Amino acid sequence: MGKKRRGRDRLMTCVSCGRAVPRDKAVDYERRSSFTTDFRDKENVTAFSSNVEYYCISCAKHRKIFEKKKKQAERRRERREGRF
Ligand SMILES: [Zn+2]
């Protein structure tokens, strides 16, 4: 066996600056959007779509993605604990 290689470095494209970032250095941010469909025969049909966007680290810092991610995690935790 020769040198250890970390597989293939998948390159993601930063949605902000367009730079190619290795997958393990890219910051993924899940953006959820909900929209209602126009079907009238069904009750309000709400569809959720989640888009995962990738940012390079400097853009993530600049756009405060880290803070957003933290807030998302907190919100998720709150929901799991279930405050009624
Ligand atoms: Zn960037």
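Let me begin with a definition: I will say that two residues are in contact if their C-beta atoms, placed from the backbone, lie within 7 Å. What I am showing you is a predicted model, and with that meaning of contact, among the contacts between residues at least 6 apart in sequence, 51% join residues at least 24 apart.

As for the overall layout, the protein has two helices and four strands, and if you follow the chain from the N terminus, the elements come in the order β-β-β-β-α-α. The protein has 84 residues, of which 10% count as buried.

Turning to the interior, the largest nonpolar core consists of eight residues, namely Met-12, Val-21, Ala-26, Val-27, Tyr-54, Tyr-55, Cys-56 and Ala-60. Within that list I would draw your attention to Ala-26, which, once residues up to four places away in sequence are set aside, touches Met-12, Val-21, Tyr-54, Tyr-55 and Cys-56.

Now let me move to Leu-11, which lies in strand S1, residues 11-13. Is Leu-11 buried or exposed? The careful reply is that Leu-11 is partly exposed, because 13 other C-beta atoms lie within 10 Å, whereas a residue would need 20 or more to be called buried and 12 or fewer to be called exposed.

Which residues does Leu-11 contact, leaving aside its neighbours within four places in sequence? Those residues are Ala-20, Val-21 and Pro-22, and Val-21 is also listed in the largest nonpolar core. Finally, to relate Leu-11 to Ala-26, the two are 15 residues apart in sequence, and their C-alpha atoms are 8.5 Å apart in space.

Technical notes: Residues numbered from 1 in each chain as written. Predicted model: local features only at pLDDT ≥ 70, side-chain atom pairs only at ≥ 80, totals over all residues. Core = buried A, V, L, I, M, F, W, Y, C linked by C-beta atoms within 7 Å.
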